[in-house]
Every structure is written in structure tokens, then in C-alpha cells.
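Biologist: Please take one helix and go through it closely: which residues are buried, which are exposed, and what covers them. Then set that helix in its chain and in the complex.

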Number of protein chains: 2
Amino acid sequence: MAGSAVPDIVVGRLPLYLRALTQMAASGKEITSSQELGERLGISSAQIRKDLSQFGEFGKQGTGYNIAFLVDQLRRILKVEQAWDVALIGVGDLGRAIAHYGGFVDRGYRIVAVFDNDPAKIGGRIGSFTVQDAAHLVAEIRSHNIGVAMLAVPARDAQAVTDRLIEAGIRAILCYAPTSIIVPRSVHVQYIDPVLHLQRMTYYLG
Amino acid sequence: MAGSAVPDIVVGRLPLYLRALTQMAASGKEITSSQELGERLGISSAQIRKDLSQFGEFGKQGTGYNIAFLVDQLRRILKVEQAWDVALIGVGDLGRAIAHYGGFVDRGYRIVAVFDNDPAKIGGRIGSFTVQDAAHLVAEIRSHNIGVAMLAVPARDAQAVTDRLIEAGIRAILCYAPTSIIVPRSVHVQYIDPVLHLQRMTYYLG
């Protein structure tokens, strides 16, 4: 089961489930229901049951879900049982905040290399990282077999850096640059641009 | 036309169109087509035409879209012709990066107040802002009639701060805290959690 037959919109909800369940577990809870999870997430319990059923049988009617078990299963399905190595490109204010953020490693991602093209930044320290020269990006990413990149460069540089990430073998890019980037079909891209989210909300405001 | 009858998924694509068209305009382009826009965004031209047709008639068959006109119309539809006042709560590494980010005001959002509850930060300067005591958040937001908030506090504080934002009359919250928050139906929430996006990609990786 599973595999590419599962709609991407369903795949996109699994991390939300995992996040909420992990928080429940951290607070000492052992059992939950699709109702309770749904209330926390603003998603219907029917939707949650339907989504999870695409991957197997995780709960029994009437007894609810064992949280620890479901967390393990979701981590397996999302392939974050071990942490992925991640390269961060761009250490402006945002890149620096990303490098300092402590919330990645527990959830499946470990920044292992940090790059910038600014001579004033190259060689400097950010937390436990030494900023590397972006000129060596392809070789470094290849030699460490890094599969995931976070792109925190200005919009004008995003496509050129993307082309080099692809050359280096990167297969998933989280793009913080406020622009669309073009990648081959085999490479996954997700975008974070706060303004897109803000505009989606203010549309509804009078 | 328009109004609440337009599906939210369509509303969510309009900011993408606006962003791409604004970049085209900045590069001196005057006319585009749904094909060209679609290639840039990885969205089908049919989808783009259908989405835009929900709001009016913006292009003529065969002559394409006038970019400046379409930008104006999208800014009007998304209600970002003038900038919304925004409160930022939490000035850790991420909040600081948000406060310094220069890309909001041109796209419809102006941070006008910055809050934190850390005595070591209150009264300090971040760019052109003085960090205010979060204890005064409700009164300050009310007196300045601020409608939009960005929440960059730790997950454990997110719901308590959210409750006070709602008390203050905030109608749209961009939540950077990696947790779900509960709000009344009348309040809009969007989330930014990079791990959700990363997990949505690594699901597909071998």
C-alpha cells in the first residue's frame, strides 16, 4: 500500500497529524481519537480516519489510537525515523535564524552544511557551523551525499543557486526566496513566503 | 462575482499570480499569457484562466493579459492596495529576521508594533522598532486598530498569546509557532512550519 497512489493533499496532512500526536505524547497522553485530533487541528474526524486508512489499520473502532504507535508509523511513512542531512544556502537574517533553530533535528532534519557567497560571511561561525563558500557548493553537497536543501537567498539569485543544487544531486528544496524556481520533475519543491499566506487571509477581511 | 463563493484553494493561488506578475512587471514586461504565467509557476494555463475568470474578464483571447492592469486588479481583489498594519509578537531569532525583512511593505503589510515578554528584550531596538512589553499587547493593538498579527513565539506560549490577540480584535494570524492554535470562526489563521513542508517532500524520497 501507500506509494505514489496517495494524493499529495493527503500526504500534506500527515505531518500535521504527526506534529499534533508528538505534542500529545510529550504531554503524557497515551490514547487519542480521530475526534480529539480533529478538534485540535480543525480537520474533520472522518477526514483523518480516511487519510490514515490509506496507509493501514492504525486504530480499532471504539478504542482509539495508541499515540506512540501512530507516531512511529507516521515517522516511518514520512521517512523521518532518521534525520535527513540538509544544506542551508544563504545566511542573511533569515538563514541565520534557520541555522539557530533547534526544532529540526527531532523532527527528521539535520543541517550539516551552511553556504553563502558573501566574502564577509564565508569562514564565519553560526552556532556550530562554519559558513562555507557557495562556490564549493556542488562538490560539498556531492561528497556528503546531501539530499535536501533550504534556500534562503535573495529572489534574484534563487534560480541560479537552484540550478547548482540540482547539479549537486539535491532532490528536495525548501525555497524561502520569494519567487518561483524551475526544477526537473524528479526534484521536489516547497515554498515558504509569508506574504502569500497573509494575502490569502486579508482577501477575506473587509 | 468574487465574495465567499470563490473556493479558498483558488484564493490561495492569487498571491502566486500576483507575485509572478509583479516580477514580470519589474523586469519591464508589459504583456503575458496564461501559458507563460503557467510555465513560470508550474500551474496549467487552463487553471489560471479559470481562476481569474472567477473575478472578471482580465484578458482578451489572443492578446494576452496586460500585466500592469492585472497586477492592479489582483491587488484590489486581495485588498493589498494599501498596506495592512501588522503586530509582530516574539523577537527571538526568527522574529528578529521577520522584523528586519524588507519584503513586506511593497506587498501589502507594514509591521507597526513589536512585542516580547522577555525583560531583557523589552525596550530594546530592532531596526526602527522599540520592543514593547507583551503585557500591553491588548491595549496597544486595540488603540492602533491593528488587524493582522504574526506570531513568532515558542509553541508552548502560542495559544495563550493567541487568546489575547483575539481579545485585542486581531482578525488574521500568521502563526510561525510549530503548533496548531484554536481560534473563533471569524479569525483567519495560516501556518508557517518548515518541517511540515520538508516532511511533505521527503515522503517521496527513497
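Modeller: In this predicted model, helix H3 of chain A runs over residues 45-53, and its buried residues are Ile48(A), Asp51(A) and Leu52(A). Viewed down the axis of H3(A), these buried residues fall within an arc of 90 degrees, so they line one face of the helix. An α-helix has 3.6 residues a turn, so residues three or four places apart point the same way. The other side of H3(A) carries Ala46(A), Lys50(A) and Ser53(A), which are exposed. The cover over the buried residues of H3(A) includes two helices of chain A, H1 (8-26) and H2 (34-41).

Chain B can be read in the same way. Helix H3 of chain B, residues 45-53, has Ile48(B), Asp51(B) and Leu52(B) buried. Down the axis of H3(B), the buried residues fall within an arc of 90 degrees, so they line one face of that helix. Ala46(B), Lys50(B) and Ser53(B) are exposed on the other side of H3(B). H1 and H2 of chain B are among the elements that cover the buried residues of H3(B).

One of those covering elements, H2(B), has buried residues of its own: Ser34(B), Leu37(B) and Arg40(B). Seen along the axis of H2(B), they fall within an arc of 125 degrees, so they too line one face of the helix. Their cover includes H1, strand E1 (31-32) and H3 of chain B. H3(B) is thus listed among the cover of H2(B), and H2(B) among the cover of H3(B). After H2(B) comes Gly42(B), which has a positive phi, near 70 degrees.

Ahead of H1 of chain B, the segment before that helix holds Pro7(B). Pro7(B) has 11 other C-beta atoms within 10 Å, and it is exposed because a residue with 12 or fewer counts as exposed. From Pro7(B) to Leu174(B) the separation is 167 residues in sequence and 20 Å in space, C-alpha to C-alpha. Another exposed residue of chain B is Asn145(B), with 9 C-beta neighbours inside 10 Å. Asn145(B) sits in the loop between helix H6 (137-143) and strand E9 (148-151) of chain B. Asn145(B) and Val131(B) are 14 residues apart along the sequence, and their C-alpha atoms are 18 Å apart.

Now the chain as a whole. The secondary structure of chain A comprises 8 helices and 11 strands. Chain A is divided into domain 1 (3-77) and domain 2 (84-196), and the C-alpha centres of these two domains lie 30 Å apart. The C-alpha trace of chain A spans about 60 × 45 × 35 Å along its principal axes. Chain A has 206 residues, of which 42% count as buried. Of the contacts in chain A between residues at least 6 apart in sequence, 57% join residues at least 24 apart.

As for the interior, the largest nonpolar core has 126 residues. Ile89(A), Leu151(A), Ile89(B) and Leu151(B) are the residues with the most contacts inside that core. Leaving aside residues up to four places away in sequence, Ile89(A) touches Phe115(A), Ala134(A), Leu137(A), Ala149(A), Leu151(A), Ala152(A), Val153(A) and Val161(A).

The two chains also meet at an interface, to which chain A gives 47 residues and chain B gives 47 residues. On the side of chain B, the elements that supply two or more residues are H1 (8-26), H2 (34-41), H5 (93-100), strand E10 (172-175), strand E11 (188-191) and H8 (194-202). H8(B) provides the largest share of that side, 9 residues. By type, the residues on the side of chain B that touches chain A are 26 nonpolar, 13 polar and 8 charged. H1 and H2 of chain B therefore appear twice in this account, as elements giving two or more residues to the contact with chain A and as part of the cover over the buried residues of H3(B).

Last, the confidence scores. The average pLDDT of chain A is 94, and 98% of the residues score at least 70. For the complex, the predictor gives an ipTM of 0.94 and a pTM of 0.91.

Notes:
Residues numbered from 1 in each chain as written. Chains lettered and ligands numbered in written order. Predicted model: local features only at pLDDT ≥ 70, side-chain atom pairs only at ≥ 80, totals over all residues. Contact = placed C-beta atoms within 7 Å. Helix = DSSP H or I, 4+ residues; strand = E, 2+ residues; numbered from the N terminus. Nonpolar A, V, L, I, M, F, W, Y, C, P; charged D, E, K, R; others polar. pLDDT = per-residue confidence, 0-100. Buried ≥ 20, exposed ≤ 12 C-beta atoms within 10 Å, placed from the backbone. Arc of directions from axis to C-beta. Domains from an automatic or database assignment. Core = buried A, V, L, I, M, F, W, Y, C linked by C-beta atoms within 7 Å.
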